[in-house]
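How do the two chains meet, and what space is left inside? This report takes the interface and then the cavity.

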Amino acid sequence: MIRRYWKFFVPAVLVLGVLIVLLINLSANLVYFRTPTELLTEIEPSAERLRLGGQVVEGTVSTQGETLLLIVTDGRESMTVSHDGVVPQLFAEGQGVIVEGTWDGAMFHSDTMLIRHDEQYRTEDNVIYDSIEHELEDT
Amino acid sequence: MSDATRTRIGPLDVVAAVSVLFALGFALASPRIESQGEAARMLFVHVPTIWLAYLAFAVTFVASISYLVTRKLRWDHVAGASAEIGVVFTTAAIIGGMIWGKATWNVYWTWDARLTLTAIMLFVYIGYLALRRVIVDPEARARRSAILGIVGLVQLIPVHFSVTWWRTLHQTNTFRPRDIQMDGPILAALLVSVAAFTIVYAAMMRHRVRLEELELLAHTAAIAPAGPVAGDAVSAPNVGNSGTQP
(Lines give C-alpha, C1' and ligand atoms only; values in the text may rest on other atoms or scores of the structure.)
Protein backbone atom coordinates (compact mmCIF):
# COMPACT_ATOMS: atom_id res chain seq x y z
CA MET A 1 0.00 0.00 0.00
CA ILE A 2 2.82 2.41 0.88
CA ARG A 3 4.39 1.88 -2.58
CA ARG A 4 1.19 2.93 -4.29
CA TYR A 5 0.79 6.04 -2.19
CA TRP A 6 4.34 7.27 -1.81
CA LYS A 7 3.78 10.11 -4.26
CA PHE A 8 1.01 11.42 -2.03
CA PHE A 9 2.59 10.64 1.30
CA VAL A 10 5.88 12.36 0.49
CA PRO A 11 4.28 15.76 -0.25
CA ALA A 12 1.92 15.32 2.70
CA VAL A 13 4.81 14.68 5.07
CA LEU A 14 6.73 17.62 3.55
CA VAL A 15 3.77 19.97 3.94
CA LEU A 16 3.25 18.81 7.53
CA GLY A 17 6.94 19.30 8.24
CA VAL A 18 6.90 22.84 6.84
CA LEU A 19 3.77 23.62 8.87
CA ILE A 20 5.35 22.34 12.09
CA VAL A 21 8.55 24.35 11.48
CA LEU A 22 6.42 27.43 10.70
CA LEU A 23 4.36 26.99 13.84
CA ILE A 24 7.43 26.59 16.04
CA ASN A 25 9.13 29.63 14.51
CA LEU A 26 5.99 31.72 14.58
CA SER A 27 5.26 30.87 18.19
CA ALA A 28 6.66 34.19 19.35
CA ASN A 29 4.49 36.05 16.85
CA LEU A 30 1.46 33.98 17.74
CA VAL A 31 1.49 35.66 21.13
CA TYR A 32 -1.22 38.23 20.54
CA PHE A 33 -0.35 40.59 23.38
CA ARG A 34 2.29 41.24 26.05
CA THR A 35 1.70 41.47 29.78
CA PRO A 36 2.82 44.38 31.99
CA THR A 37 5.41 42.06 33.60
CA GLU A 38 6.91 41.22 30.19
CA LEU A 39 7.00 44.87 29.19
CA LEU A 40 8.82 45.86 32.37
CA THR A 41 11.31 42.99 32.38
CA GLU A 42 11.91 41.93 28.76
CA ILE A 43 11.02 44.70 26.34
CA GLU A 44 13.01 47.89 25.76
CA PRO A 45 10.89 51.03 25.42
CA SER A 46 10.76 52.04 21.75
CA ALA A 47 8.58 53.55 19.05
CA GLU A 48 7.64 50.05 17.90
CA ARG A 49 3.93 49.27 18.10
CA LEU A 50 2.87 46.40 20.30
CA ARG A 51 -0.13 45.15 22.23
CA LEU A 52 -0.50 45.17 25.98
CA GLY A 53 -3.12 43.05 27.72
CA GLY A 54 -4.38 42.92 31.26
CA GLN A 55 -7.22 43.63 33.60
CA VAL A 56 -8.40 47.19 34.30
CA VAL A 57 -7.65 47.89 37.96
CA GLU A 58 -10.76 49.00 39.90
CA GLY A 59 -10.81 52.69 40.71
CA THR A 60 -7.99 53.72 38.36
CA VAL A 61 -10.03 54.92 35.38
CA SER A 62 -10.11 58.68 34.81
CA THR A 63 -10.40 61.08 31.90
CA GLN A 64 -8.10 63.98 31.03
CA GLY A 65 -9.79 65.87 28.23
CA GLU A 66 -10.12 63.39 25.36
CA THR A 67 -7.64 60.99 26.93
CA LEU A 68 -8.64 58.00 29.02
CA LEU A 69 -6.22 57.09 31.79
CA LEU A 70 -6.27 53.64 33.32
CA ILE A 71 -4.03 51.07 34.95
CA VAL A 72 -3.91 47.48 33.68
CA THR A 73 -2.48 44.59 35.64
CA ASP A 74 -1.57 40.95 35.06
CA GLY A 75 -1.75 40.22 38.77
CA ARG A 76 1.97 40.81 39.36
CA GLU A 77 2.92 44.08 37.68
CA SER A 78 0.74 46.91 36.49
CA MET A 79 1.14 49.69 33.96
CA THR A 80 -0.46 53.06 33.36
CA VAL A 81 -2.13 53.40 29.97
CA SER A 82 -3.07 56.66 28.30
CA HIS A 83 -5.66 55.89 25.65
CA ASP A 84 -6.66 58.24 22.81
CA GLY A 85 -9.30 56.58 20.72
CA VAL A 86 -12.59 54.76 20.67
CA VAL A 87 -13.58 53.17 23.97
CA PRO A 88 -15.45 49.87 23.41
CA GLN A 89 -18.96 49.50 24.76
CA LEU A 90 -18.04 46.74 27.19
CA PHE A 91 -15.16 48.72 28.72
CA ALA A 92 -15.44 48.61 32.51
CA GLU A 93 -13.31 48.44 35.61
CA GLY A 94 -12.24 44.84 36.24
CA GLN A 95 -12.70 43.99 32.53
CA GLY A 96 -9.89 42.42 30.48
CA VAL A 97 -8.55 44.79 27.80
CA ILE A 98 -5.91 44.76 25.09
CA VAL A 99 -4.47 48.13 24.06
CA GLU A 100 -2.37 48.77 20.98
CA GLY A 101 0.33 51.41 20.82
CA THR A 102 3.81 52.24 22.08
CA TRP A 103 5.60 52.07 25.40
CA ASP A 104 7.88 54.96 26.36
CA GLY A 105 9.26 53.39 29.52
CA ALA A 106 6.91 55.15 31.89
CA MET A 107 3.52 54.88 30.26
CA PHE A 108 1.78 52.98 27.48
CA HIS A 109 0.28 55.25 24.81
CA SER A 110 -2.56 53.53 22.99
CA ASP A 111 -4.95 54.45 20.19
CA THR A 112 -6.80 51.16 19.82
CA MET A 113 -8.57 49.26 22.55
CA LEU A 114 -10.05 45.77 22.39
CA ILE A 115 -12.04 43.96 25.03
CA ARG A 116 -10.81 40.53 26.00
CA HIS A 117 -13.56 38.74 27.86
CA ASP A 118 -12.90 35.53 29.76
CA GLU A 119 -14.22 32.03 29.10
CA GLN A 120 -16.79 32.26 31.91
CA TYR A 121 -20.46 32.20 30.99
CA ARG A 122 -22.32 33.10 34.15
CA THR A 123 -25.88 34.21 34.65
CA GLU A 124 -26.38 37.58 36.28
CA ASP A 125 -28.01 35.89 39.30
CA ASN A 126 -25.32 33.23 39.62
CA VAL A 127 -25.97 32.98 43.37
CA ILE A 128 -28.95 30.70 42.72
CA TYR A 129 -27.02 28.24 40.62
CA ASP A 130 -24.12 28.23 43.04
CA SER A 131 -26.48 27.18 45.79
CA ILE A 132 -27.97 24.43 43.63
CA GLU A 133 -24.46 23.16 42.98
CA HIS A 134 -23.75 23.17 46.71
CA GLU A 135 -26.99 21.29 47.40
CA LEU A 136 -25.96 18.72 44.83
CA GLU A 137 -22.56 18.41 46.44
CA ASP A 138 -24.15 17.89 49.88
CA THR A 139 -26.40 15.04 48.76
CA MET B 1 -35.94 15.40 -14.12
CA SER B 2 -37.21 11.93 -13.37
CA ASP B 3 -39.08 11.02 -10.23
CA ALA B 4 -36.16 8.98 -8.86
CA THR B 5 -33.74 11.91 -8.93
CA ARG B 6 -36.03 14.49 -7.39
CA THR B 7 -35.12 15.75 -3.92
CA ARG B 8 -37.86 15.10 -1.41
CA ILE B 9 -38.33 16.69 1.99
CA GLY B 10 -38.15 13.79 4.43
CA PRO B 11 -39.16 13.48 8.09
CA LEU B 12 -35.55 14.19 9.10
CA ASP B 13 -35.69 17.58 7.37
CA VAL B 14 -38.85 18.47 9.26
CA VAL B 15 -37.32 17.36 12.58
CA ALA B 16 -34.19 19.44 11.79
CA ALA B 17 -36.21 22.57 11.02
CA VAL B 18 -38.38 22.22 14.11
CA SER B 19 -35.41 21.58 16.41
CA VAL B 20 -33.61 24.69 15.11
CA LEU B 21 -36.71 26.78 15.91
CA PHE B 22 -36.82 25.10 19.33
CA ALA B 23 -33.14 25.90 19.92
CA LEU B 24 -33.68 29.52 18.85
CA GLY B 25 -36.43 29.77 21.47
CA PHE B 26 -34.08 28.42 24.14
CA ALA B 27 -31.36 30.85 23.07
CA LEU B 28 -33.70 33.84 23.40
CA ALA B 29 -35.18 32.58 26.68
CA SER B 30 -31.79 31.89 28.27
CA PRO B 31 -30.80 34.22 31.10
CA ARG B 32 -28.55 37.15 30.18
CA ILE B 33 -24.85 36.34 30.33
CA GLU B 34 -23.09 38.34 33.02
CA SER B 35 -20.95 41.29 31.86
CA GLN B 36 -21.21 40.43 28.17
CA GLY B 37 -24.45 41.99 27.01
CA GLU B 38 -27.07 40.63 24.62
CA ALA B 39 -24.48 40.04 21.88
CA ALA B 40 -23.28 37.05 23.90
CA ARG B 41 -26.35 35.18 22.68
CA MET B 42 -24.23 34.63 19.56
CA LEU B 43 -22.80 31.84 21.73
CA PHE B 44 -25.82 29.69 20.86
CA VAL B 45 -25.00 29.91 17.14
CA HIS B 46 -21.22 30.27 17.20
CA VAL B 47 -20.42 27.19 19.30
CA PRO B 48 -22.82 24.80 17.46
CA THR B 49 -21.52 25.94 14.04
CA ILE B 50 -17.87 25.28 14.90
CA TRP B 51 -18.91 22.02 16.60
CA LEU B 52 -20.51 20.94 13.32
CA ALA B 53 -17.38 21.89 11.42
CA TYR B 54 -15.27 19.72 13.77
CA LEU B 55 -17.81 16.88 13.51
CA ALA B 56 -18.02 17.13 9.71
CA PHE B 57 -14.24 17.06 9.26
CA ALA B 58 -13.96 14.15 11.71
CA VAL B 59 -16.56 12.23 9.67
CA THR B 60 -14.56 13.01 6.50
CA PHE B 61 -11.48 11.60 8.26
CA VAL B 62 -13.21 8.36 9.30
CA ALA B 63 -14.92 7.93 5.92
CA SER B 64 -11.58 8.52 4.12
CA ILE B 65 -9.91 5.76 6.14
CA SER B 66 -12.91 3.49 5.53
CA TYR B 67 -12.63 4.12 1.79
CA LEU B 68 -8.94 3.21 1.67
CA VAL B 69 -9.66 0.03 3.65
CA THR B 70 -12.86 -1.15 1.90
CA ARG B 71 -12.57 0.56 -1.53
CA LYS B 72 -16.30 1.16 -1.49
CA LEU B 73 -17.20 4.46 -3.24
CA ARG B 74 -20.02 4.92 -0.74
CA TRP B 75 -17.38 5.98 1.82
CA ASP B 76 -15.95 8.52 -0.61
CA HIS B 77 -19.43 9.99 -1.01
CA VAL B 78 -19.73 10.35 2.75
CA ALA B 79 -16.26 11.96 2.98
CA GLY B 80 -16.93 14.48 0.21
CA ALA B 81 -20.41 15.39 1.40
CA SER B 82 -19.25 15.87 4.98
CA ALA B 83 -16.29 18.07 4.02
CA GLU B 84 -18.57 20.33 2.03
CA ILE B 85 -20.94 20.75 4.99
CA GLY B 86 -17.88 21.34 7.18
CA VAL B 87 -16.72 24.18 4.91
CA VAL B 88 -20.19 25.77 5.04
CA PHE B 89 -20.27 25.64 8.83
CA THR B 90 -16.66 26.79 9.30
CA THR B 91 -17.60 29.82 7.20
CA ALA B 92 -20.73 30.30 9.32
CA ALA B 93 -18.66 30.07 12.51
CA ILE B 94 -16.21 32.69 11.21
CA ILE B 95 -18.95 35.08 10.06
CA GLY B 96 -20.91 34.61 13.30
CA GLY B 97 -17.69 35.08 15.24
CA MET B 98 -16.97 38.32 13.38
CA ILE B 99 -20.37 39.74 14.27
CA TRP B 100 -19.91 38.73 17.90
CA GLY B 101 -16.31 39.97 17.83
CA LYS B 102 -17.32 43.44 16.64
CA ALA B 103 -19.93 43.68 19.40
CA THR B 104 -17.71 42.38 22.19
CA TRP B 105 -14.03 42.81 21.29
CA ASN B 106 -14.68 45.92 19.18
CA VAL B 107 -13.05 44.34 16.10
CA TYR B 108 -14.40 42.10 13.31
CA TRP B 109 -11.17 40.36 12.55
CA THR B 110 -7.64 40.27 13.93
CA TRP B 111 -4.72 37.94 13.32
CA ASP B 112 -4.67 36.11 16.61
CA ALA B 113 -3.75 32.41 16.65
CA ARG B 114 -7.30 31.03 16.93
CA LEU B 115 -8.74 33.17 14.15
CA THR B 116 -5.77 32.69 11.82
CA LEU B 117 -5.62 28.90 12.25
CA THR B 118 -9.39 28.59 11.76
CA ALA B 119 -9.10 30.54 8.50
CA ILE B 120 -6.23 28.27 7.36
CA MET B 121 -8.38 25.22 8.18
CA LEU B 122 -11.19 26.66 6.05
CA PHE B 123 -8.88 27.19 3.09
CA VAL B 124 -7.37 23.69 3.37
CA TYR B 125 -10.85 22.15 3.18
CA ILE B 126 -11.83 24.45 0.30
CA GLY B 127 -8.69 23.00 -1.33
CA TYR B 128 -10.02 19.51 -0.57
CA LEU B 129 -13.27 20.36 -2.35
CA ALA B 130 -11.31 21.79 -5.29
CA LEU B 131 -9.23 18.58 -5.46
CA ARG B 132 -12.44 16.57 -5.72
CA ARG B 133 -13.41 18.64 -8.76
CA VAL B 134 -10.20 18.24 -10.76
CA ILE B 135 -10.07 14.44 -10.82
CA VAL B 136 -12.56 12.85 -13.23
CA ASP B 137 -12.11 9.16 -12.50
CA PRO B 138 -14.22 8.28 -9.42
CA GLU B 139 -11.71 5.73 -8.06
CA ALA B 140 -8.69 8.02 -8.46
CA ARG B 141 -10.64 10.93 -7.01
CA ALA B 142 -11.69 8.87 -3.99
CA ARG B 143 -8.13 7.63 -3.40
CA ARG B 144 -6.42 11.01 -3.61
CA SER B 145 -9.00 13.00 -1.71
CA ALA B 146 -9.04 10.34 1.03
CA ILE B 147 -5.38 11.10 1.73
CA LEU B 148 -6.07 14.81 2.07
CA GLY B 149 -9.16 14.00 4.13
CA ILE B 150 -6.97 12.07 6.57
CA VAL B 151 -4.04 14.52 6.71
CA GLY B 152 -6.38 17.52 6.92
CA LEU B 153 -7.83 16.51 10.26
CA VAL B 154 -4.48 17.05 11.99
CA GLN B 155 -5.22 20.80 11.90
CA LEU B 156 -8.09 20.40 14.31
CA ILE B 157 -5.63 19.95 17.18
CA PRO B 158 -3.82 23.32 16.81
CA VAL B 159 -7.13 25.04 15.96
CA HIS B 160 -8.78 23.78 19.12
CA PHE B 161 -5.84 24.24 21.48
CA SER B 162 -4.55 27.51 19.95
CA VAL B 163 -6.21 29.44 22.78
CA THR B 164 -4.27 27.41 25.36
CA TRP B 165 -0.94 27.17 23.52
CA TRP B 166 -0.67 30.83 22.60
CA ARG B 167 -1.97 34.05 24.11
CA THR B 168 -4.94 35.08 22.00
CA LEU B 169 -7.70 37.68 21.87
CA HIS B 170 -10.17 34.80 21.67
CA GLN B 171 -11.04 33.55 25.13
CA THR B 172 -9.75 30.14 26.23
CA ASN B 173 -11.85 26.99 26.11
CA THR B 174 -14.93 27.07 28.35
CA PHE B 175 -15.30 23.30 28.26
CA ARG B 176 -12.47 21.89 30.27
CA PRO B 177 -12.53 18.32 31.49
CA ARG B 178 -14.67 18.13 34.65
CA ASP B 179 -14.69 21.93 34.96
CA ILE B 180 -17.22 23.67 32.73
CA GLN B 181 -17.07 27.46 33.07
CA MET B 182 -20.76 27.92 32.33
CA ASP B 183 -23.89 28.15 34.47
CA GLY B 184 -26.66 25.53 34.18
CA PRO B 185 -29.38 27.46 32.28
CA ILE B 186 -26.91 28.79 29.67
CA LEU B 187 -25.38 25.34 29.30
CA ALA B 188 -28.83 23.76 28.84
CA ALA B 189 -29.75 26.19 26.04
CA LEU B 190 -26.36 25.63 24.41
CA LEU B 191 -26.73 21.84 24.50
CA VAL B 192 -30.20 22.09 22.91
CA SER B 193 -28.68 24.22 20.16
CA VAL B 194 -25.77 21.81 19.63
CA ALA B 195 -28.25 18.90 19.38
CA ALA B 196 -30.44 20.82 16.90
CA PHE B 197 -27.47 21.70 14.68
CA THR B 198 -26.34 18.06 14.77
CA ILE B 199 -29.76 17.00 13.42
CA VAL B 200 -29.37 19.64 10.68
CA TYR B 201 -26.03 18.02 9.82
CA ALA B 202 -27.66 14.58 9.54
CA ALA B 203 -30.42 15.97 7.30
CA MET B 204 -27.93 17.77 5.06
CA MET B 205 -25.75 14.66 4.85
CA ARG B 206 -28.69 12.55 3.68
CA HIS B 207 -29.34 14.85 0.74
CA ARG B 208 -25.71 15.50 -0.08
CA VAL B 209 -24.63 11.83 -0.06
CA ARG B 210 -27.55 11.02 -2.35
CA LEU B 211 -26.41 13.77 -4.71
CA GLU B 212 -22.93 12.20 -4.82
CA GLU B 213 -24.53 8.86 -5.77
CA LEU B 214 -26.53 10.51 -8.54
CA GLU B 215 -23.38 12.21 -9.81
CA LEU B 216 -21.66 8.82 -9.97
CA LEU B 217 -24.60 7.40 -11.95
CA ALA B 218 -24.47 10.34 -14.35
CA HIS B 219 -20.71 9.91 -14.71
CA THR B 220 -21.04 6.15 -15.37
CA ALA B 221 -23.72 6.83 -18.00
CA ALA B 222 -21.58 9.51 -19.65
CA ILE B 223 -18.51 7.33 -20.08
CA ALA B 224 -20.47 4.20 -21.11
CA PRO B 225 -19.06 2.64 -24.34
CA ALA B 226 -20.69 3.93 -27.51
CA GLY B 227 -23.49 1.70 -28.75
CA PRO B 228 -27.08 1.84 -29.85
CA VAL B 229 -28.58 5.01 -28.34
CA ALA B 230 -31.21 3.19 -26.33
CA GLY B 231 -29.69 -0.25 -26.35
CA ASP B 232 -31.25 -3.22 -28.08
CA ALA B 233 -34.77 -2.39 -26.95
CA VAL B 234 -35.26 -0.03 -29.88
CA SER B 235 -34.77 -1.00 -33.49
CA ALA B 236 -34.48 1.24 -36.51
CA PRO B 237 -37.76 2.96 -37.33
CA ASN B 238 -39.89 0.94 -39.67
CA VAL B 239 -40.80 3.11 -42.65
CA GLY B 240 -42.75 0.45 -44.42
CA ASN B 241 -41.56 -1.68 -47.33
CA SER B 242 -41.42 1.18 -49.82
CA GLY B 243 -37.66 0.80 -50.31
CA THR B 244 -37.81 -2.89 -51.14
CA GLN B 245 -40.55 -2.62 -53.71
CA PRO B 246 -39.50 -3.72 -57.13
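## Interface and cavity

About 3,700 Å² is buried between chain B and chain A, and carbon and sulfur atoms give 56% of that area. On the chain B side, B:W166, B:R167 and B:D183 lose the most area to chain A. Together these three account for 20% of what that side buries. The model is predicted.

In residue terms, 41 residues of chain B are in contact with 34 residues of chain A. Two salt bridges are counted between the chains. One of the residues named above takes part in a salt bridge: the side chain of B:D183 meets that of A:R122 at 3.1 Å, N to O. Polar contacts between chain B and chain A come to 14 residue pairs, both residues at pLDDT 80 or more.

Several helices of chain B give two or more residues each to the side that touches chain A: α2 (43–70), α3 (73–104), α4 (113–134), α5 (138–152) and α7 (184–222). The largest share, four residues, comes from α5(B).

The cavity count is one, at 30 Å³ or more. Its volume is about 40 Å³. The lining consists of B:S30, B:P31, B:R32, B:I33, B:G37, B:E38 and B:R41.

The table sets out both surfaces by residue class.

| Surface | Nonpolar | Polar | Charged |
|---|---|---|---|
| Side of chain B that touches chain A | 20 residues | twelve residues | nine residues |
| Lining of the largest cavity | two residues | two residues | three residues |

Technical notes: Residues are numbered from 1 along each chain as its sequence is written. Chains are lettered from A and ligands numbered from 1 in the order in which they are written. This is a predicted model: local features need pLDDT of at least 70, side-chain atom pairs count only at pLDDT 80 or more; totals for chains, interfaces and linings use all residues. Side-chain values use heavy atoms; hydrogens and water are left out. Contact means heavy atoms within 4.5 Å. Buried area is the accessible area (1.4 Å probe) that two parts lose on being put together, summed over both. A salt bridge is a side-chain nitrogen of Lys or Arg within 4 Å of a carboxyl oxygen of Asp or Glu. A polar contact is a pair of N or O atoms within 3.5 Å; within protein, one must be able to donate a hydrogen and the other to accept it, and residues adjacent in sequence count only if both atoms are side-chain atoms. Ala, Val, Leu, Ile, Met, Phe, Trp, Tyr, Cys and Pro count as nonpolar, Asp, Glu, Lys and Arg as charged, and the others, Gly among them, as polar. On a 1 Å grid over the protein atoms alone, a cavity is a set of points where a 1.4 Å probe fits but cannot get out, and a pocket is an open set with protein on both sides within 12 Å along at least five of seven lines; lining residues have an atom within 4 Å of a point. Grid points are joined across faces, edges and corners, and a volume is the space filled by probe spheres set on the points.
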